[in-house]
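Here's a quick tour of one protein chain, from its overall make-up to its nonpolar insides and a spot on its surface. Have the structure open as you read.

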Amino acid sequence: MARGDGSVVPTDPQTMAVVKKKTQSSRSWILFDATGQGSLLDVDKYAIMHRVHIHARDLRILDPLLSYPSTILGREKAIVLNLEHIKAIITAEEVLLRDPTDENVIPVVEELQRRLPQLSATGLQQQGDGKEYLGGQNDAEAAEEDESPFEFRALEVALEAICSFLAARTTELEMAAYPALDELTSKISSRNLDRVRKLKSAMTRLTARVQKVRDELEQLLDDDDDMADLYLSRKAGSASPVSGSGAANWFAASPTIGSKISRASRASLATVRLDENDVEELEMLLEAYFSEIDHTLNKLTTLREYIDDTEDYINIQLDNHRNQLIQLELFLSSGTVCLSFYSLVAAIFGMNIPYTWNENHGYMFKWVCKLLLFMHAHVCSHICCCKILDLIL
């Protein structure tokens, strides 16, 4: 490598590899502004912390090398979002998304590019002509869906993406699990058992992931203070001075307040006040995706119950086969006992030991043979009757 003064600096391959890794790491963020324009950031973590005003422990949650559960944190000027592969920092004016080249994050990038420009156009129109917006009831009704704050629109994209992702993984697991379970019930083999074991392990891991996202949304819904911390536009507006015409401009520029003003056009602008405890808009947003993620969890619960029922059915089948083997063993043991009587007779009369009762008592051999035949027939008939009763029952 040549310098400007003509001197040559040796190139170290290891140094170049380190520089390349640093460059790739620094370009792992993409920035979306209010117009939906995305740009890669060539900055380090300290610049990110200074830009969005968060601590290092919050940024560490988004590190892909560290394993942190799904989390939604509300800070003074940002929302730290860690939902599986979606790791983002949302402010009142921009969105920072990590690893934009990941195959699971690319749909989120495309969705932000598609939805943010359309939504921000309405916001810019409100800022440019606030008085006309106050007087235009039809415009307010037409843009009712676009009145949410910027941070809520970005949060909705992330929640929709993670719910759709987990629902798709659940559907794929169901399509693979149900046929495998049905095949296992029809034919119990080592191959089918190993296949079901792998599917059950995958279901357990997926259930834990879905459960964590559901618990995080439920925790937010149960705490109004945590939901109030996510109103970044409201906190930014409260920090700025509001008086006279400045109040009118800020109220008209705020999407949340703009919707209230449009629905109450007869009221005076001076009487409109910001209720910091009003979290109804965010609560409705979270409840919608909480219901969706809860439905996904219910599907996994149903699949787990189906697996448990299949295991119980297989255990019943194995117990039945085990009982049949026990019956076969008992039948063979009874046959061995019956044959041992003949061996006993042959052993008694085949010995070369003189007995006094053996002389002039030849009829004893006939009576012993008849008695043994009678006992053999009785035992065999008893075994056959037991076998027939087992087949009938």
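## A walk through the chain

Let's start with the basics: the chain carries 14 helices and six strands. Keep in mind that this is a predicted model. Of its 393 residues, 33% count as buried. Among contacts with a separation of 6 or more, 68% are between residues 24 or more positions apart. The chain exposes about 24100 Å², and carbon and sulfur atoms supply 56% of that.

Now for the inside. Two of the nonpolar cores are set out here:

| Core | Size | Some members |
|---|---|---|
| Largest nonpolar core | 58 residues | Ile72, Leu97 and Leu282 |
| Another core, apart from the largest | 15 residues | Leu31, Ile48, Ile61 and Ile89 |

Ile72, Leu97 and Leu282 are the residues with the most contacts inside the largest core. Helix 7 (residues 150–186) gives this core its largest share, 16 residues. What does Leu97 contact, leaving aside neighbours within four places in sequence? Its partners include Trp29, Ile30, Ile86, Val105 and Leu112, along with the polar-named pair Ser28 and Lys87.

On the surface, Leu325, Leu328, Phe331 and Leu332 form a nonpolar patch, with about 420 Å² of accessible area together. One of them, Leu328, sits in helix 13 (residues 280–349). Leu328 counts as partly exposed because its relative accessibility is 45%, between the 20% and 50% cut-offs.

Finally, an unreviewed UniProt entry annotates residues 196–223 as a "coiled-coil region". In the model, that span is 96% helix and 0% strand, and its end C-alpha atoms lie 40 Å apart.

How values were computed:
Residues numbered from 1 in each chain as written. Predicted model: local features only at pLDDT ≥ 70, side-chain atom pairs only at ≥ 80, totals over all residues. Heavy atoms only, no water. Helix = DSSP H or I, 4+ residues; strand = E, 2+ residues; numbered from the N terminus. Buried < 20%, exposed > 50% of the residue type's maximum accessible area, 1.4 Å probe, protein only. Contact = heavy atoms within 4.5 Å. Areas by Shrake-Rupley, 256 points an atom, 1.4 Å probe, with all protein chains shown as cover. UniProt positions renumbered as here; feature names shortened; annotations may be inferred. Patch = residues over 30% accessible without salt bridge, like charges linked within 9 Å, V, L, I, M, F, W, Y side chains within 5 Å. Salt bridge = Lys/Arg side-chain N within 4 Å of Asp/Glu carboxyl O. Core = buried A, V, L, I, M, F, W, Y, C linked by side-chain atoms within 4.5 Å.
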